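User: I would like to learn how to read a model like this one feature by feature, with the general idea placed beside the particular case. Could we work through it together?

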Amino acid sequence: MSNQDNRPVILTGDRPTGQLHLGHFVGSLRSRVGLQDSHHQHLLLADAQALTDNADNFEKVRRNIIEVATDYLAVGIDPTKTTICVQSCLPALNELTMLYLNFVTVSRLERNPTIKSEIQMRGFERDIPAGFLCYPVAQAADITAFKATVVPVGEDQIPMIEHRLPGFDGKAKMSKSLGNTIVLDATDKDIKKAVNAMYTDPNHLRVEDPGQVEGNVVFTYLDAFDPNKEELEELKAYYRRGGLGDGTVKKRLEGILKELIGPIRERRMELKTLTILWIF
Ligand code: TRP
């Protein structure tokens, strides 16, 4: 894993447990597409890590490796610029993990706040898979093995709220298990349905009422995706004054999302056809 130039080295990755969605797009994918020109970027399909809490569902993880890889390519991650690798295909990572495990105590692992809350969330109590407890060590091995100096965090890794996209239902996080995601190959119909279901300002009953922009999911999405910031600011002011209906704002968002997702969906479909041909 040599680095001939002196661009900083990035290592980041995803657990392949499901298709990626717009939350991933805003939280990480979009910036990775930009970073691949200025950085030496490696993306890890962290299948071994995904198994640490999916021991009952190996098939799901296996199946989603190709799904996540397809998502990467569909959004514009270029394999000639970014290295995409499958964690389980790199046995050196396990060797380094074994070595690192000697430098950490069980009680220290148990005190890790992310692990603590994940144990609670998954209801493991004392039946914690040992591999799960140790995954932060494995992650340290991943990072150091690649000599990474920049580690863009996964959204679930650090509660950095700054750019997290809420689910279309207004819940704090877009997540598959909450059923509030917009996937990267959503059809126009899916997009329309999600946007229509979006939470706005519950007190904005009549068009002429003044509306609230803060906490209004439609505006949160517009902040993330509207390419015309100036027009968006005018729209917000109009909404605040009253006279602008939710339907109009939603129509704008729907158009923007269709335009964003359309080409990703097309590219994803082409890639899927290619992988199917390749498998046979
Ligand atoms: N933990 C990350 C996630 O859940 C995936 C991951 C595995 C990773 N190894 C990594 C991220 C190393 C950054 C660096 O998405």
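User: Where does Ile143 lie, and is Ile143 buried, exposed or partly exposed?

Analyst: Please keep in mind throughout that this is a predicted model. Ile143 lies in helix H8, and with a relative accessible area of 22% Ile143 is partly exposed, because the limit for a buried residue is under 20%.

User: Which residues does Ile143 touch when those up to four places away in sequence are not counted?

Analyst: Once those sequence neighbours are set aside, Ile143 touches Leu11, Ala148 and Val151. The pair with Leu11 brings together two residues that are 132 residues apart along the chain, and their C-alpha atoms are separated by 6.3 Å.

User: Leu11 leads me to the strands. What is the order of the strands in the open sheet, and how are they paired?

Analyst: As a general idea, strands of a sheet pair through backbone hydrogen bonds, and the pairing is either parallel or antiparallel. Here the open sheet has three strands in the order S1-S2-S3, and the pairing is parallel. Strand S1, residues 9-14, and strand S3, residues 82-86, stand at the edges with a single partner strand each, so one side of each has no neighbour in the sheet. On average, neighbouring strands of this sheet are turned by 20 degrees against each other, if direction is ignored.

User: How many bridges join S1 to strand S2, and which residue of S2 is the bridge partner of Val9?

Analyst: S1 and strand S2, the latter covering residues 40-45, run parallel and are joined by six bridges. Val9 has His40 as its bridge partner in S2, while Leu11, already met as a contact of Ile143, stands opposite His42 in S2. Helix H3, residues 58-75, packs on the sheet and touches S1, S2 and S3, with its direction making about 150 degrees with that of S2.

User: How many of the residues of S1 and of S2 are buried?

Analyst: In S1, five of the six residues are buried, so this strand is largely enclosed by the rest of the structure. In S2, six of the six residues are buried, so S2 too is largely enclosed by the rest of the structure. Both faces of S2 are covered, with His40, His42 and Leu44 buried on one side and Gln41, Leu43 and Leu45 buried on the other.

User: Turning to empty space, what is the volume of the second largest pocket, and which residues lie nearest its centre?

Analyst: In general, rolling a probe the size of a water molecule over the atoms shows where empty space is left. The second largest pocket has a volume of about 240 Å³, and among its 15 lining residues Ala48, Thr52, Asn94, Thr97 and Ala138 lie nearest its centre. Helix H2 (47-51), helix H4 (91-100) and helix H8 (135-145) are the elements that give two or more residues to this lining.

User: Where are Asn54 and Lys147 found, and is each of them buried or exposed?

Analyst: Asn54 is found in the loop between H2 and H3, where it is buried with a relative accessible area of 8%. Leaving aside neighbours within four places in sequence, Asn54 is in contact with Thr17, Lys60 and Val61. Lys147 is found in the loop between H8 and helix H9, residues 188-196, and counts as exposed at 63% relative accessibility. The phi angle of Lys147 is near 50 degrees, a positive value in a residue other than glycine.

User: How many disulfides are counted, and why is there no bond between Cys89 and the closest cysteine sulfur?

Analyst: The count comes to zero disulfides. The sulfur of Cys89 is 8.8 Å from that of Cys85, which holds the closest cysteine sulfur, and this is too far for a bond, because a disulfide needs sulfur atoms within 2.5 Å. Cys89 is exposed, with a relative accessible area of 55%, whereas Cys134 counts as buried at 18% relative accessibility.

User: Finally, in which helix is Phe225 placed, and which residues does Phe225 touch beyond those up to four places away in sequence?

Analyst: Phe225 has its place in helix H10, residues 217-225, and is buried, with a relative accessible area of 9%. Its contacts beyond those sequence neighbours are Leu22, Phe25, Val26, Arg30, Leu165, Ile256, Leu257 and Leu260. Phe225 and Ile256 are 31 residues apart in sequence, and their C-alpha atoms are 7.1 Å apart in space.

Terms used
Residues are numbered from 1 along each chain as its sequence is written. This is a predicted model: local features need pLDDT of at least 70, side-chain atom pairs count only at pLDDT 80 or more; totals for chains, interfaces and linings use all residues. Side-chain values use heavy atoms; hydrogens and water are left out. Two strands pair if DSSP finds at least two bridges between them. Helices (H or I, at least four residues) and strands (E, at least two) are DSSP runs, numbered from the N terminus. Axes are lines fitted to C-alpha atoms, for helices over the stretch in contact, and angles run from 0 to 180 degrees between N-to-C directions. Contact means heavy atoms within 4.5 Å. Buried means under 20% relative accessible area, exposed over 50%, partly exposed in between (1.4 Å probe, protein chains only). On a 1 Å grid over the protein atoms alone, a cavity is a set of points where a 1.4 Å probe fits but cannot get out, and a pocket is an open set with protein on both sides within 12 Å along at least five of seven lines; lining residues have an atom within 4 Å of a point. Grid points are joined across faces, edges and corners, and a volume is the space filled by probe spheres set on the points.
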